[in-house]
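The exercises below ask for a reading of one protein model, each followed by a worked solution. Work from the sequence and the coordinates before turning to the solution.

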Amino acid sequence: MTEGTTSAAAEGADTLTRLEQEGEIAADYLEGLLDIADLDGDIDMDVEADRASVSIISDTGGRDLQKLVGRDGEVLEALQELTRLAVHRETGDRSRLMLDIAGYRAKKRSELSELGAKTAADVKSTGEPVKLKPMTPFERKVVHDAVKAAGLRSESEGEEPQRFVVVLPA
């Protein structure tokens with residue numbers, strides 16, 4: 001191994017260790033919240049796309065966990081921010097941790113990927129740009145990725161919370 005390869009491998013291992021630590025801190029914080037709310041749920045941790053990923057899942061179908069998702073994922077978004085703050089408090093570093101509860105975000109990711117691919121197909125056939133409804137940053141990212149995979153480009157326009165994706169012709 002050359003010195004550059006050794007350095008890159010060590011940096012990758014350091015990043016993985018840091019992200020695993022973020023996941024552990026987040027899991028402890030979320031377990032405390034579940035205890036306070038008297039909700040049953042198991043914590044699953046992973047590292048995906050250079051960020052820690054933590055999921056709260058339930059063996060009983062997750063009906064109680066839906067309270068933690070809220071309407072259109074609003075409670076989930078708030079819990080994710082609180083969890084990121086808890087990680088920041090412990091590590092001193094800004095966290096990009098992703099939180100999923102009862103599979104809500106995974107299902108949403110699938111739906112948005114389909115929307116991005118369908119919209120890209122429509123734009124390819126008409127040659128006209130298409131503006132989508134306002135979305136959260138997570139939702140916009142999924143759509144941008146799907147549009148890029150379809151061979152087109154997209155941009156975000158507007159101001160939060162009314163920021164939206166525009167899919168552009170090639």
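**Exercise 1. Determine the strand order of the sheet that contains β1, and state the kind of pairing.**

Solution. Step 1: the strands β1, β2 and β3 form an open sheet in that order, and the pairing is mixed. Strands here are DSSP runs of E with at least two residues, helices are runs of H or I with at least four residues, and both are numbered from the N terminus. Two strands pair if DSSP finds at least two bridges between them.

Step 2: β1 (42-48) and β3 (98-101) are the edge strands; each has a single partner strand, so one side of each has no neighbour in the sheet. Neighbouring strands are turned against each other by 20 degrees on average, direction ignored. Axes are lines fitted to C-alpha atoms, for helices over the stretch in contact, and angles between N-to-C directions run from 0 to 180 degrees.

Step 3: the model is predicted; local features need pLDDT of at least 70, side-chain atom pairs count only at pLDDT 80 or more, and totals for chains, interfaces and linings use all residues. Residues are numbered from 1 along each chain as its sequence is written, and side-chain values use heavy atoms, with hydrogens and water left out.

**Exercise 2. Resolve the mixed pairing into its two parts, with bridge partners.**

Solution. Step 1: strands of a sheet pair through backbone hydrogen bonds, either parallel or antiparallel.

Step 2: β1 and β2 pair in the antiparallel sense over seven bridges, and Val47 has Ala52 in β2 as its bridge partner.

Step 3: β2 (residues 51-57) and β3 are parallel, with four bridges. Ser53 is opposite Met98 in β3, and Val54 is opposite Leu99 in β3.

Step 4: five of the seven residues of β2 are buried, where buried means under 20% relative accessible area, exposed over 50%, and partly exposed in between (1.4 Å probe, protein chains only).

**Exercise 3. Find which residue in the turn between β1 and β2 has a positive phi, and decide whether Ala49 is buried or exposed.**

Solution. Step 1: β1 and β2 form a hairpin with two residues between them, and Ala49 in the turn has a positive phi of about 50 degrees. Its relative accessibility is 70%, so Ala49 counts as exposed.

Step 2: most residues other than glycine have a negative phi, and most peptide bonds are trans.

Step 3: Asp72, in the loop between α2 and α3, also is not a glycine and has a positive phi of about 55 degrees. Asp72 is exposed, with a relative accessible area of 58%.

Step 4: a cis peptide bond, with omega of about 5 degrees, joins Glu160 and Pro161. Pro161 is in the loop between β5 and β6.

**Exercise 4. Give the strand order of the sheet that contains β4, and say which helix packs on the sheet.**

Solution. Step 1: three strands form an open sheet in the order β4-β6-β5, with antiparallel pairing. β4 (130-134) and β5 (153-157) are at the edges with a single partner strand each, so one side of each is left without a neighbour in the sheet. The twist from one strand to the next averages 20 degrees.

Step 2: β4 and β6 (residues 164-168) run antiparallel and are joined by three bridges. Within this pair, Lys131 is opposite Val166 in β6.

Step 3: helix α5 (residues 137-149) packs on the sheet and touches β4, β5 and β6, its direction making about 160 degrees with that of β5. Contact means heavy atoms within 4.5 Å.

Step 4: Ala149 lies in α5 and is exposed at 72% relative accessible area.

**Exercise 5. Identify which residues touch the most other members of the largest nonpolar core.**

Solution. Step 1: a nonpolar core is a set of buried Ala, Val, Leu, Ile, Met, Phe, Trp, Tyr and Cys residues joined through side-chain atoms within 4.5 Å.

Step 2: the largest core has 17 residues, of which Leu34, Val54, Ile56, Leu65, Leu68, Leu99 and Ile101 touch the most other members. At least two residues each come from α1 (3-37), β2, α2 (66-69), α3 (74-91) and β3. The most come from α1, with four.

Step 3: setting aside neighbours within four places in sequence, Leu68 is in contact with Leu34, Leu39, Val75, Leu76, Leu79 and Ile101.

Step 4: a second, separate core has 13 residues, including Val123, Met135, Phe138 and Val165.
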